[in-house]
Each structure stands twice: as C-alpha cells, then as structure tokens.
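Biologist: Mind going through this model with me? I'd like to ask my questions one at a time.

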Amino acid sequence: MLSFTGKVYFIFPLHTDSEVSARKKTFTEVQAEGLEQAQKTVLISYPTGISKKNILQYVSRHGKINSHFFYEGHGPHAMVEFSEKESIYSLQDVAQIADCSSVPGIPLKSRLFTLTPRQSLSQALDETSVHNYQHPTIPIEDLVQKLCCADSISNQLYSLLNEYQLTEENIKLRFLACSLIQDIARAYFPECVVKPFGSSVNSFGKLGCDLDMFLDLDEIGKSSTPKKTGPFQVEYHIKRMPSLRTATQRILSVIGDCIANFSPGCTHVQKILDARCPLMRFFHQPTGFQCDLTANNRVALRSSELLYIYGNLDSRVRALVFAIRCWARTHGITSSTSGPWITNFSLTMMILFFLQNRKPPILPTLAELKNLADAEDEHIIGGHDCTFVSNPNKINQTENTETLDVLLNEFFEYFGNFDFSSKSINICEGKEHNKPEPSPLYIQNPFERALNISANVNQNQLDRFVALARECAWLLQQVDQDHGRDSKQPWGLAALLVPLIKISKKKMGTRTLASARIKVLLNSLRANSANKKGERAFSSWSLK
C-alpha cells in the first residue's frame, strides 16, 4: 500500500486489503454523526496574537472538549466541539451582547462568539505548539512537481487525491455551517434539520468546493414514541399552498430574509427562486464557504448517497475521479461558471460508467444495487424510483485487480473511441443505448430517467474532450515511467496536467497548448515510436 509523508486527514478512508472486510459506515450514519457533533460545537473568533493554549484553557472551564482546531479565515478562528450540549449553554450564560451604542446591531444569542482578553494583549501572548489547521489547495504547478517525484502513475493518482480531498476538519466545519443556519431556520420551523449534500459529503469533494445545504422539513412532527390512540385524530392547522414549488419559494424567501438581516457573518445573500430548483445563495464568512440552501431537492440528497456508496466501495474509484476531474479542470473541459462545458457530475457519471464496463466490473450498476435493497431502502421521490441498497457492507467486493495506471489510460482510450454520435451513457444498466434525442452528449440522470444531465454540452466542447482523451491515451502508452526521475520533464499524470493557457478569441472555450515542455515531450515520444510496429491508429493524431 502507499505511504505518504506529512500529516494526512481522511474522513473517507482509503481501504487497504486488510480493511476491505471492516464494516463501512452508511451515508445516513455519517450524516447523523456529523450533525450531532455540529450541535455540540461553537465557533470562536479572537484577535491575532492571543494564545491558543489560553483560549482552550478558558473554554474547557465550561465542559470537556472532544475536539478542536484553529484556522485562519476572516481572521483567526477556533472550532471547539464539546462532549455535551450543556457546555454551550454554560458558555452562552457568561457571554454578553456586543455594545450596539456606536454601531447599531441585532441582539442575537448564537454559537458564534468573539473572545477578547480583559488584560492587556501583551499579557495574553504565549508561545504554544497548538496545531493551526490550514486548508488551502496546492497550486497546479506545485502539484505537477510533486507528482513527478512519485515512483508510479498509480502513486501519482493517490498523491493527487491526498492533496485535494476534503480533510476531516474541513468536513466538520461544513457540518457546523449547516448547524448554524439550522439555528436560524428553527426560529420559524423549530424541528427542521439543515443537512449538507453534494460534494461536501459524497466522498468526491475537493478543498474549496461550495457547500450545498438541504432544509429538511420532513422531520417536523415526527416522534420516536407511538402516538396515543383515541376516538379522535388530532392534526395541526397548516397554510395551504398552490403547489410544492410555491411553498418552497416562499419558505426560502423568508429564511433568506432572516439570514440576510439577522445571521452573523452571512453576506452576499441572493434569492434564486425561479431556477429549476429554487435556492438561496450566500457567503458564510466565519467558515469561508460559498453556500447554496435548497428546500425541495431530495433527489439530489439521494444522489449524494449513491455517490458516497460508489466512492467507498473501492479505493481506486475516488483516486481516479479526483485525477480526471483535475485534468478536466486544468484543460478547460469543466468550468466553475455555467456554460457549454461538461460538469463535474456528468464527468463523474462517465467515470462510473467506465468502471462498470471493466472485465470484471469494478462497480455494480444501479440496477444491481436496487436488487440488493430491502424495504427500508425504498425511496419514491416525486414519482421517481430512487431505491438502492444503503448499506455498503451488503455489496460484494470486485474481483478486478487492475492498477490505476491501467485504468487511467483505458479511460482515455475508452472515451476517445466512444460513439457519442449515436450512443448514450447511463449507470443504471451500465450499457450503451441509442440516444433518445440528438444532443451531442447524452448522460441519463440516474433517477429522473427522462433527463439528460449533459444537455448543456455543445459539439465543440465534446470534440475537445475526445481529442484530448485520445492524445492522453497515446501519451500514457508511450511514456517511460522512469522518465521523471532523471529529468525535469513531467511524466505520467503530471504530463497530462501541464496547463493550457492560450485561449482562442475566435471560438469561446477553444484552447491550444502553450507549454513548450509538453510539446517537446510529445515530439520526442513520437520520433522514438515512429518506427515501432503495431502502432495504434490514433497515435499519430496531432494536438489541436
């Protein structure tokens, strides 16, 4: 198994052969654990230079501390998780509402605190070895250099995963942000729950990704104790709405106003209520996350659970997804802005589909996961069948032993030769089907089967993806894995991540290679392999 230098944090662990048989947590268990921990957590800001050790000593007066970490966001912060919720009440009892005489403010008791010393700052200073958590992403240039030091392409992929995946601290911070928004929402809906979904919890989240939040109102009125029987049925009066969409829009509008006006640290609040899925977008300053809050997106929550299961079945899955996503982002195949580009979700579906088509398959199809489901796994949402087994321990491990270097090369070759003109992609059956509509790229939504999740992709972007995939397949087949050890030239995955920096003004999104290093490497490899027999048909294609 791989070994890495430095400290590593895994919330979604890489499984060694000896760990494969160990019990894996279900998505529901991970969510429940994260939400419970967040409810016992406070976030404290403090002036620069204050002793972290003194902060911990003071806060521990209010109760036993389970975990903590310090980070630099909008100023220095400490996230502290207590063993008991009562410790938060104890801290709140000694807290005061800030003086609003000079600058008007809204008095609010929350779990966001500011800690300032009563004595002079010089007396509060103290050298300490308390760990200061940092979560910046490594620049692509530094990543390329680091990957060149690996001893195999497989290790390059694991190294990239180790650099980009969400750390345990970062995920805890995301659950805390949801919990703080939940405190605001409960002013209107006392028993509601705000849950993270999407990249934050589906095991494929990259450092710096947005935080998707789901306002779950279904927990309201539920009770673990059986209802008393009697001659009458008692129901609450409710406000009737013309449609579920209208109800969602009004709920988000009211919660959005509350967040904008009264929630400390929430800025740039936008109401995007006319979107297909209405949402509230805002920036949560204390944690540094760009947040999207939805209230009627349960299918997306179920999709997050499906990806979580796929990501935890085999350690190669996440490593491959992270590597290909990084490659796509570097070369403009994907983009953080909306447009004709392939999305991360679409790209992930393509990777899962590819892994379902290995011999033997590395991942089961969605239909196979549905066959393993029992009664409690059944989910029908808005008329869509979202049923699949929720317990990953019920799924047999694959017998496929292909290495990541083989899978990376085969992925590019597979889609470099895929018949996109007539075939569609779906992970439900793991088989190619004729496209039901003439979109350049057709990827079936795993649950809302009539939807093409890649309908936004135009032919130009698909052609770029295919051309780059073919070149990468050829490059990976030709490169000597010892090349990087005795040369400064990027090799393996590192060679595929050399950025494309020159953008054509005539065609939006069309990019050309501007790196002399990769041009020289490709020309050298072509010259060395020109006389080899059995050269692949696409090995002579040129970069565009």
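Modeller: Sure, and bear in mind that the model is predicted. A spot to start with is Ser203, which sits in the loop between strand 6 and strand 7.

Biologist: Is Ser203 buried or exposed?

Modeller: A residue needs under 20% relative accessible area to count as buried. Ser203 has a relative accessible area of 1%, so the answer is buried.

Biologist: And what is phi of Ser203 near?

Modeller: Ser203 is a residue other than glycine, yet its phi is positive. The value is near 80 degrees.

Biologist: His268 has a positive phi too, I see. Is His268 buried or exposed?

Modeller: His268 is found in strand 8, and its phi is about 50 degrees although it is not a glycine. The cut-off for exposed is over 50%. With 65% relative accessibility, His268 therefore counts as exposed.

Biologist: Which strands stand at the edges of the five-stranded sheet?

Modeller: The sheet is open, with mixed pairing and the order 6-7-10-9-8. An edge strand here has a single partner strand, so one side of it is left without a neighbour in the sheet. That applies to strand 6 (193-197) and strand 8 (266-272).

Biologist: By how many degrees are neighbouring strands of this sheet turned against each other on average?

Modeller: Direction is ignored for this one. The average turn between neighbouring strands of the sheet is 25 degrees.

Biologist: Which helix packs on the sheet at strand 6 and strand 7?

Modeller: Those two strands run antiparallel and are joined by five bridges, and Val193 has Asp216 in strand 7 as its bridge partner. The helix covers residues 298-313 and touches both strands, with its direction at about 50 degrees to that of strand 6. That's helix 9.

Biologist: How many of the six residues of strand 10 are buried?

Modeller: Strand 10 spans residues 289-294 and is largely enclosed by the rest of the structure. It pairs with strand 7 in the parallel sense over four bridges, and with strand 9 in the antiparallel sense over five bridges. The number of buried residues in strand 10 is five.

Biologist: Which residue in strand 10 is the bridge partner of Phe282?

Modeller: Look across from strand 7: Leu211 stands opposite Cys291 in strand 10. On the strand 9 side, Phe282 is also paired with a strand 10 residue. Its bridge partner is Cys291.

Biologist: Strand 9 and strand 10 form a hairpin. Which residue in the turn has a positive phi?

Modeller: Four residues lie between the two strands. The one with a positive phi, about 85 degrees, is Gly288.

Biologist: On to the rings. Is the pair of Phe388 and Phe447 stacked or edge-to-face?

Modeller: The two residues are 59 residues apart, so to speak in distant parts of the chain. Phe388 is buried at 0% relative accessibility, and Phe447 is buried at 3%. Planes under 30 degrees apart count as stacked. With 15 degrees between the planes and 6.0 Å centre to centre, this pair is stacked.

Biologist: Which residue lies over the face of Phe388?

Modeller: Phe388 has a charged side chain over its ring, at 3.8 Å from the ring centre. The residue is Arg302.

Biologist: At what angle are the planes of Phe415 and Phe418?

Modeller: Both residues belong to one aromatic cluster, which includes Trp327, Tyr414 and Phe465. Phe415 is buried at 0% relative accessibility, as is Phe418 at 10%. The ring centres are 5.6 Å apart, and the pair is tilted because the planes are at 45 degrees.

Biologist: Which residue does a cis peptide bond join to Lys359?

Modeller: Omega of that bond is about -5 degrees. The partner lies in the loop between helix 11 (344-356) and helix 12 (366-371). It's Pro360.

Biologist: Last one: where does Phe113 lie?

Modeller: Phe113 is buried, with a relative accessible area of 12%. Among the residues it touches are Val42, Ile44, Leu91 and Ala95. As for its place, Phe113 lies in strand 4.

Conventions
Residues are numbered from 1 along each chain as its sequence is written. This is a predicted model: local features need pLDDT of at least 70, side-chain atom pairs count only at pLDDT 80 or more; totals for chains, interfaces and linings use all residues. Side-chain values use heavy atoms; hydrogens and water are left out. Buried means under 20% relative accessible area, exposed over 50%, partly exposed in between (1.4 Å probe, protein chains only). Contact means heavy atoms within 4.5 Å. Two strands pair if DSSP finds at least two bridges between them. Axes are lines fitted to C-alpha atoms, for helices over the stretch in contact, and angles run from 0 to 180 degrees between N-to-C directions. Rings of Phe, Tyr and Trp (its six-membered ring) pair if their centres lie within 6.5 Å; planes under 30 degrees apart count as stacked, over 60 as edge-to-face and the rest as tilted. A charge sits over a ring if NZ of Lys or CZ of Arg is within 6 Å of the ring centre and within 35 degrees of the ring normal. Lists of a residue's contacts leave out its neighbours within four places in sequence.
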